[in-house]
Amino acid sequence: MKRLIHLVAVLTAVFILHELFCTSNEGAGLSTTVTPSDQSLFQTIQYWHKSRALVLTFRSGAIYEYQSVPYSTFSTLVHSPSKGAYFNQCIRAQYTYARIE
């Protein structure tokens, strides 16, 4: 299981590096979107690299944008075994946010 998690982390890093350095998409702001396969609080987790915005779509359908979020926080959230707990402890009250939908 640890080996699988490590492999997923490495592949995610390769994908992100490819997207950052090999894709000519300057106007779009380059983003990374993750769809958690576990029983997560989130339907999708999206990170906009240029603006450092974290967009969370909850299973309820609510969408929130958190501003000035470091990439490391996004990465830790994606790889956290309990995304809801990490969100509540490290994101919810730490960053400025706005409800989008």
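The following questions and answers concern aromatic pairs, a loop residue and the nonpolar core of a predicted model.

Student: How are the planes of Y47 and Y71 arranged in their aromatic pair?

Tutor: A pair of aromatic rings is described by the distance of the centres and the angle of the planes. For Y47 and Y71 the centres are 5.6 Å apart and the angle between the planes is 75°. Planes over 60 degrees apart count as edge-to-face, so the arrangement of Y47 and Y71 is edge-to-face.

Student: How many residues apart in sequence are the parts that this pair, Y47 and Y71, ties together?

Tutor: Y47 belongs to strand β2, which covers residues 42–48, whereas Y71 belongs to helix α2, which covers residues 71–79. Because one ring lies in the strand and the other in the helix, the pair ties together parts whose separation in sequence is 24 residues.

Student: Is Y47 buried or exposed?

Tutor: The relative accessibility computed for Y47 is 2%, and buried means under 20%. Its partner Y71, at 31%, counts as partly exposed. With its value of 2%, Y47 is therefore buried.

Student: Which elements hold F58 and F87, whose rings also pair?

Tutor: The ring centres of F58 and F87 lie 5.6 Å apart with the planes at 75°, so this pair is edge-to-face. F58 is buried at 10% relative accessible area, and F87 is buried at 0%. The pair ties together parts that are 29 residues apart in sequence, because the elements concerned are strand β3 (residues 53–58) for F58 and, for F87, helix α3 (residues 83–90).

Student: Where is S51, and is S51 buried or partly exposed?

Tutor: S51 is placed in the loop between β2 and β3. Its relative accessible area is 47%, and values between 20% and 50% are classed as partly exposed. S51 in this loop is therefore partly exposed.

Student: Which elements give two or more residues to the largest nonpolar core?

Tutor: In soluble globular proteins, nonpolar side chains tend to be buried together. Here the largest nonpolar core has 18 residues, and those with the most contacts inside it include I45, L54, Y66 and F87. The elements that each give two or more residues to this core are β2, β3, β4 (63–66), α2 and α3.

Student: Which residues are linked by ring pairs into a cluster?

Tutor: The structure holds 10 aromatic pairs, and the pair of F58 with F87 is edge-to-face. Ring pairs link these two residues into a cluster whose members are F42, F58, Y64, Y66, F87 and Y97.

Note on methods: Residues numbered from 1 in each chain as written. Predicted model: local features only at pLDDT ≥ 70, side-chain atom pairs only at ≥ 80, totals over all residues. Heavy atoms only, no water. Phe/Tyr/Trp six-rings, centres within 6.5 Å; stacked < 30°, edge-to-face > 60°. Helix = DSSP H or I, 4+ residues; strand = E, 2+ residues; numbered from the N terminus. Buried < 20%, exposed > 50% of the residue type's maximum accessible area, 1.4 Å probe, protein only. Core = buried A, V, L, I, M, F, W, Y, C linked by side-chain atoms within 4.5 Å.
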